[in-house]
Amino acid sequence: MQTESADELATLARAVREGVGRLNWRMRSEAGSPAPGPAVLAVLSRLYRGGTHTPGELAEAERIHPQSLTRILASLAEREWITRTPDPADGRRSLIEITPAGLRELRGYSIARENWLAAAVERTLSPTEQELLRLAAGLLTRIADS
């Protein structure tokens, strides 16, 4: 019985991974303009949702290697999508914040994806299926945040 349950969970996990992956790929292709990379979007989103972070906090929260994050932050700072200021509590650390330009970039990309997704949901799913998707979206967020 337990093996069957583990097999069922594995099948469910595979179906969710494939569905989320295909949807993510499709939204990126439908967004219209070249997108910043996924790690760049993750960092900008984290800063938008969570406010100011240290580089260490960002690396841990997004599971990015510190060396990779250093390159990402340099690129974001060069584009003026983030600011770096010294941490008043510890001058060895810096505090990272998203700028209005970074927020505009993030929102522009997000809006294009959300517009496509809303239209696809409306034309593809019944009202009952839309409600199920609303519930599933909350569950996926819980899993991602766990």
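The following exchange between a biologist and a modeller goes through several assignments in this predicted model.

Biologist: Why is arginine 84 called partly exposed?

Modeller: Its relative accessibility is 41%, and since partly exposed covers the range between the buried limit of under 20% and the exposed limit of over 50%, arginine 84 is placed in the partly exposed class. The residue lies in strand E1, residues 82–87.

Biologist: What makes Leu73 a contact of arginine 84, leaving aside its neighbours within four places in sequence?

Modeller: The C-alpha atoms of arginine 84 and leucine 73 are 8.9 Å apart, with the two positions eleven residues apart in sequence numbering, but contact is judged on heavy atoms within 4.5 Å, and on that criterion Leu73 is listed together with Pro55, Ser94, Leu95 and Ile96.

Biologist: How do you know that arginine 17 and glutamate 18 form a salt bridge?

Modeller: Their closest N and O atoms are 3.9 Å apart, and because the cut-off is 4 Å, the pair qualifies as a salt bridge. Arginine 17 is exposed at 54%, whereas glutamate 18, at 42%, is partly exposed.

Biologist: What makes aspartate 90 buried, and arginine 92 exposed?

Modeller: Aspartate 90 has a relative accessible area of 17%, and as buried means under 20%, aspartate 90 is classed as buried; arginine 92, at 77%, counts as exposed, the limit for that class being over 50%. The side chains of these two residues meet in a salt bridge with an N to O distance of 3.0 Å.

Biologist: Why are arginine 134 and glutamate 131 separated by about one helical turn?

Modeller: They are three residues apart in helix H6, which spans residues 127–145, and so the separation comes to about one helical turn. Their side chains meet in a salt bridge at 2.5 Å, N to O, which falls within the 4 Å cut-off. Arginine 134 is exposed at 54%, while glutamate 131 is partly exposed at 37%. In total, the structure holds six salt bridges.

Biologist: What makes valine 20 eligible for the nonpolar surface patch?

Modeller: Valine 20 has a relative accessible area of 42%, and patch residues need over 30%, so valine 20 satisfies that requirement. Valine 20 is found in helix H1, and the patch, of about 530 Å², is made by this residue with Leu9, Leu12, Val16, Leu140 and Ile143. The elements giving two or more residues to the patch are helix H1 (2–30) and H6, with the largest share, four residues, coming from H1.

Technical notes. Residues are numbered from 1 along each chain as its sequence is written. This is a predicted model: local features need pLDDT of at least 70, side-chain atom pairs count only at pLDDT 80 or more; totals for chains, interfaces and linings use all residues. Side-chain values use heavy atoms; hydrogens and water are left out. Buried means under 20% relative accessible area, exposed over 50%, partly exposed in between (1.4 Å probe, protein chains only). Patches are made of residues with over 30% relative accessible area and no salt bridge: like charges are joined within 9 Å, nonpolar side chains (Val, Leu, Ile, Met, Phe, Trp, Tyr) within 5 Å. Accessible areas come from the Shrake-Rupley method with a 1.4 Å probe; for residues, only the protein chains shown count as cover.
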